[in-house]
Amino acid sequence: MCNENQPVMIRNYLKTAYRSLLKNRGFTAINVLGLALGLATCLLIVFYVFDELSYDRYNTRIDRIYRVNNDIKFGGNENSYAQTPAPTAASMKAAFPEIEQVVRLRNRGGFQVKKGSQDIEEDNMVYADASLFNVFTMQMIDGNPATALKEPHSVVLTDEMARKYFGRTTNVAGQTMTFGDTAFYKVTGVIKKLPKQSHFNFDFFLSLSTLHSEEDLAWFSNNFYTYILLRPDADPEKLQAKLSPFMRSQAGPQLQSILHLDFNQLEKQGNYLRFSITPLKDIHLQSHRVGELGMNGSMGTVYIFLCIALFILLIACVNFMNLSTARSSNRAREVGVRKVLGSARVQLIIQFLTESVLVTLVAAAIAVFAAWALLPVFNHMANKELTVTPQIIGWLLPVMLGIILLIGFVAGAYPAFFLSAFQPIQVLKGKLANGFKGGFLRGSLVVFQFFVSIVLIIGTLVVYNQLKYIQNKDMGFNREHVLIIDRVWQLGDKDKAFRSEVSQLAGVESASLSGFLPTSDAGNSSSFFKTPIPDQKNAVLTQEWPVDESYIPTLGIKLLAGRNFSAQMPTDSAAVIVNEATARQLGFANPLNHDLYAPNDQMAKTFKKYHIIGVIKNFNYRSIKEGIKPLLLMYGEDRGAVTVRIKSNNIPALLGQIKAKWASFLPNKEFVSNFMDDEFNNQYRTEQQTGSIVVAFTSLAIIIACLGLFGLAAYAAEQRTKEIGIRKVLGANVSTIVSMLSKDFIKLVLIAIAIAIPVGWYAMNKWLQDFAYRIHIQWWVFAVAGLAAIIIAFLTISFQSIKAALTNPVKSLRSE
């Protein structure tokens, strides 16, 4: 009998819940809208986090793949590299039986690729060992993965490139491609393009056996990305412990020949050369070394977004609990009558939970559609390409069902148990109409809502000010009106002639030939010594950049002492200019005319003498997150780029003239350029995107909190309708009534401000520690955040307060 009545009871619960929600349309709309906004925000953040955590997961052996890193402290400086020396892979495989396979990647930029009579620039290329397919999971469409990269001048393409150059993805193996006019490569395989969620994503994999140089034996040249595949039973921690003795045994002889000391002597001076390993699954979010293959994410950002999602969802749930408990007096008589008529407490609990779950269900449905509609906007803000795939739908449906039940029960639990506990005799005597006053839990939840909102406002202000500081900080070079022309190496020995002709154009102030720029990732680390016989006590580990005589004036770098390079002085081929950090590290009172000594080759068989002719002001040649380290400019050739300082007001016309010059030298080659300030902004794109997303989510959190406050203010005004009527009859004006209704809420906001300020200061101080150059959080940030919260809360409350104050007292007192 009980089973037969069960569907009827469920239907009755649903019908009653629907009628109750429909009767209170305003409160229902606020609850549904608040929960929908909260859930939609959570879904967008979950999509983002899911994407960030899925990097490199396409590899079936991801738990066994590690990258080998190189950590160096020498000459007063520390560097952590994602690359290792060339012999590392083969030596480790021979030394450690727990390593199943190794593979190296060598990134040397791109080539021009012939397609008929057309030359197409392709930058997304990398050299790789033949063991590439034994380590990483890459789906081979055409060709044999066992031999694809075995022979020199072999290349494996992605299916996208195969379609681009051959119009098909099969029967491509065996074809020949021309790279850089003179290099012929045989296509030996076609693979499916790697997922975007990969820490490297190349289109061309060239056989590493094509390259041969003396660096193949050098233990002090970090140019190779080395990956190892451990055997299933291997312990990575034990392997890590073996790497220090391994480094000593392998690099020791070369260390002795270069510096005439062993590892014990090296480490006594506080220096070190160490290998470490990073799990493949941790590279994207937890590795930020020199020479990363791509723009990695941040686990800190993931945690920040997850916290924001959780807080926004909690704010939405708090709204529901607050409004439900605030309405308790209106439903008290309903509970009393139901109990008198025989309803058990469990039935009332089920009834109220049904209402809660029903509201959550409707909100979840709206949230799913809202998240889908807002996904393109979110993608633009986060620089992502998130899509709703069958894989996402597969986990989204059960997760959403769980969220609906969880939020429905959590948000509805307190109101359900609170309301169902009313004693009918007290309820029917009217002793439980407490209204807004006396709701300690309700007040605490309002404090929590505004605490979260104020912390987010503080965070938004600090992020904005730090980004503004980055934009306006004197970086030590002038990036305004500087054009960078890339791929100048294509000019060959005509590069200087091209630079000279560009510099003579009207509207060009100066032009320089060098790819080593403060907005590029070009780098060249080297050790210099103060004495002809190398001694680590007299060493400095510095960046060594080859530049021409126009480099310093073109970039607007300040020369503090000495002179610039000169084409008229042949001795400048052995001259160097150092920055302040190098001068300080060397310890010279006056660095000018002192000599420095550096290895002539990778094996440091001979040393060359340089003399210091100038000192330049420190400039940020790396991210502002890092301090300025030693840098040494040498007079030399580099064909990476031509940098042009523009003084013309008609930039489009001047660009046309520069393009015409390029075409006169290379009529069939693409002209590729960018402005330095754009490249500078790209360096901090991640922070800018994070700031934009935080602003958007902060706004949503404030809106959701205000929705709840709006509902509570409406209810408070409703509960005090008769009191307001009496006060108006006795002469109270609108401002007095608005003040009376607002003060209780404003007190709660002030409490929230007092709690949020220290928490916000601590959280943002931690975030700022990632920057070597950062703002100091000023007092006005907290004042603005607090004042904004008070104004927002007051405006929200005032709408209902003024409405109540303007109501005709005759209507409110009529029932009396």
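## Cysteines, cores and a surface patch

Cys-42 is buried, with a relative accessible area of 11%. In this predicted model, the other cysteine considered here is Cys-317, which also counts as buried, at 9% relative accessibility. The sulfur of Cys-42 has its closest cysteine sulfur in Cys-317, 8.7 Å away, which is too far for a bond. The sulfur of Cys-317 in turn has Cys-42 as its closest cysteine partner, again at 8.7 Å. A disulfide would need the two sulfur atoms within 2.5 Å. The structure holds 0 disulfides.

The relative accessible areas given in this report are listed below.

| Residue | Relative accessible area | Class |
|---|---|---|
| Cys-42 | 11% | buried |
| Cys-317 | 9% | buried |
| Ile-393 | 39% | partly exposed |

Turning to the interior, the largest nonpolar core has 119 residues. Those with the most contacts inside this core are Phe-450, Ile-454, Val-462, Trp-545 and Leu-633. Helix α14, residues 440–472, supplies the largest share of the core, 15 residues. Beyond its neighbours within four places in sequence, Val-462 is in contact with Met-764, Trp-767, Leu-768, Ile-775, Ile-777 and Val-781. A second core, separate from the one above, has 29 residues, among them Ala-89, Ile-99, Leu-230 and Leu-239. In soluble globular proteins, nonpolar side chains tend to be buried together.

At the surface, Trp-372, Val-388, Ile-393 and Leu-397 make a nonpolar patch of about 430 Å². Of these, Ile-393 lies in helix α12, residues 390–420, and is partly exposed, with a relative accessible area of 39%.

Note on methods:
Residues are numbered from 1 along each chain as its sequence is written. This is a predicted model: local features need pLDDT of at least 70, side-chain atom pairs count only at pLDDT 80 or more; totals for chains, interfaces and linings use all residues. Side-chain values use heavy atoms; hydrogens and water are left out. A nonpolar core is a set of buried Ala, Val, Leu, Ile, Met, Phe, Trp, Tyr and Cys residues joined through side-chain atoms within 4.5 Å. Buried means under 20% relative accessible area, exposed over 50%, partly exposed in between (1.4 Å probe, protein chains only). Helices (H or I, at least four residues) and strands (E, at least two) are DSSP runs, numbered from the N terminus. Contact means heavy atoms within 4.5 Å. Patches are made of residues with over 30% relative accessible area and no salt bridge: like charges are joined within 9 Å, nonpolar side chains (Val, Leu, Ile, Met, Phe, Trp, Tyr) within 5 Å. Accessible areas come from the Shrake-Rupley method with a 1.4 Å probe; for residues, only the protein chains shown count as cover. A salt bridge is a side-chain nitrogen of Lys or Arg within 4 Å of a carboxyl oxygen of Asp or Glu.
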